[in-house]
Amino acid sequence: MFTLPYYLPQNLNECIISESKTLEKNSLIYAQGEKPKEFYFLKQGLVDLYHSLENGKETLTRLYHANEYFGFRTIFSETSYHCSAKVLMEADIVRIFPGNHANFITNNPDFSCYLMKQLSNELYDAEHRISNTAYKRSYERIIDAIENLTESYPDYPWTYREVAEFCGCETETAIRISRELKKQGILDKNTRHLRICS
């Protein structure tokens with residue numbers, strides 16, 4: 001188990017670390033299709049990765065909160081970004097330029113293991129969501145998404161569109177089902193934000 005100070009950017013070798021930069025809500029960090037030069041550490045805030053389809057629809061694929069790294073899969077696989085990264089809540093972000101990838105991995109072995117663990121957890125989460133999309137009804141998927149998002153990120157005011165993107169359905173479906181859930185007393189109808197009743 002790695003403790004936070006162990007894998008902070010300033011403890012990394014064979015790389016250039018930028019100063020922390022504060023980005024406002026809706027700031028684009030990188031765009032789908034771009035070639036990466038660095039990866040990122042989120043000191044505070046909330047960042048989402050979303051994939052844009054040819055028809056203009058977007059899918060919220062992953063979320064990152066304080067003390068998490070992101071963008072590393074693409075730089076180490078030497079591919080283009082499959083998703084775009086955008087700020088959901090004002091974020092302080094540090095950029096890490098690893099230079100020679102082999103040297104970086106060799107000189108940061110424990111950190112590389114930490115990234116592998118994070119990547120494995122993200123893959124598990126992605127597989128779980130794919131399974132839900134294939135086998136669960138929209139009703140169940142929306143309840144699961146609202147529970148997951150509001151419990152994991154309680155300070156963010158989730159929208160119907162974001163919930164729909166997260167669970168793979170249309171925004172209209174998320175609105176309709178959320179109204180039903182409020183009537184049933186499952187969702188709190190005394191707040192503008194989506195929240196499961198305790």
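Which element gives the largest share of the lining of the largest cavity? Keep that in mind while we walk through this predicted model; the cavity comes up at the second stop.

**Stop 1: the whole chain**

Show the chain as a cartoon and colour it from the N terminus on. You should find 6 helices and 7 strands, in the order β-β-β-β-β-β-α-β-α-α-α-α-α. Now turn the C-alpha trace along its principal axes: it spans about 55 × 35 × 30 Å. The radius of gyration is 18 Å, which agrees with the value near 16 Å for a compact globule of 198 residues. Of those 198 residues, 41% count as buried. If you display contacts between residues at least 6 apart in sequence, 73% of them join residues at least 24 apart. Switch on the surface next: the accessible area comes to about 11400 Å², and carbon and sulfur atoms account for 50% of it.

**Stop 2: the cavity**

The structure holds 1 cavity of 30 Å³ or more, with about 30 Å³ of space in it. Select Asp 48, Tyr 50, Glu 58, Lys 86, Leu 88, Arg 161, Glu 162 and Glu 165 to see its lining. Two or more of these residues come from each of β4 (39–52), β7 (84–97) and α5 (160–167). Here is the reply to the opening question: α5 provides the largest share, 3 residues. Colour the lining by class and you will see 6 charged residues, 2 nonpolar ones and no polar ones.

**Stop 3: the largest pocket**

Move on to the largest pocket, which has about 540 Å³ of space. Pick Thr 61, Arg 62, His 82, Cys 83 and Ala 126: of the 25 lining residues, these are the closest to the pocket's centre. Then highlight β4, β5 (58–65), α1 (72–77), α3 (109–135) and α5, the elements that give two or more residues to the lining. Among them, α3 gives the most, with 7 residues. By class, the lining has 12 nonpolar, 8 polar and 5 charged residues.

**Stop 4: the second largest pocket**

Which residues lie nearest the centre of the second largest pocket? Select Leu 63, His 65, Glu 68, Glu 122 and Tyr 153, and you have them, out of 20 that line this pocket. About 430 Å³ of space lies here. Elements to highlight are β5, α3 and α4 (138–152), each giving two or more residues to the lining. Keep α3 selected, since the largest share of this lining, 7 residues, comes from α3. A last recolouring by class shows 8 nonpolar, 6 polar and 6 charged residues.

Terms used: Residues are numbered from 1 along each chain as its sequence is written. This is a predicted model: local features need pLDDT of at least 70, side-chain atom pairs count only at pLDDT 80 or more; totals for chains, interfaces and linings use all residues. Side-chain values use heavy atoms; hydrogens and water are left out. On a 1 Å grid over the protein atoms alone, a cavity is a set of points where a 1.4 Å probe fits but cannot get out, and a pocket is an open set with protein on both sides within 12 Å along at least five of seven lines; lining residues have an atom within 4 Å of a point. Grid points are joined across faces, edges and corners, and a volume is the space filled by probe spheres set on the points. Helices (H or I, at least four residues) and strands (E, at least two) are DSSP runs, numbered from the N terminus. Ala, Val, Leu, Ile, Met, Phe, Trp, Tyr, Cys and Pro count as nonpolar, Asp, Glu, Lys and Arg as charged, and the others, Gly among them, as polar. The radius of gyration is taken over C-alpha atoms; the globule rule is 2.2 Å times the number of residues to the power 0.38. Buried means under 20% relative accessible area, exposed over 50%, partly exposed in between (1.4 Å probe, protein chains only). Contact means heavy atoms within 4.5 Å. Accessible areas come from the Shrake-Rupley method with a 1.4 Å probe; for residues, only the protein chains shown count as cover.
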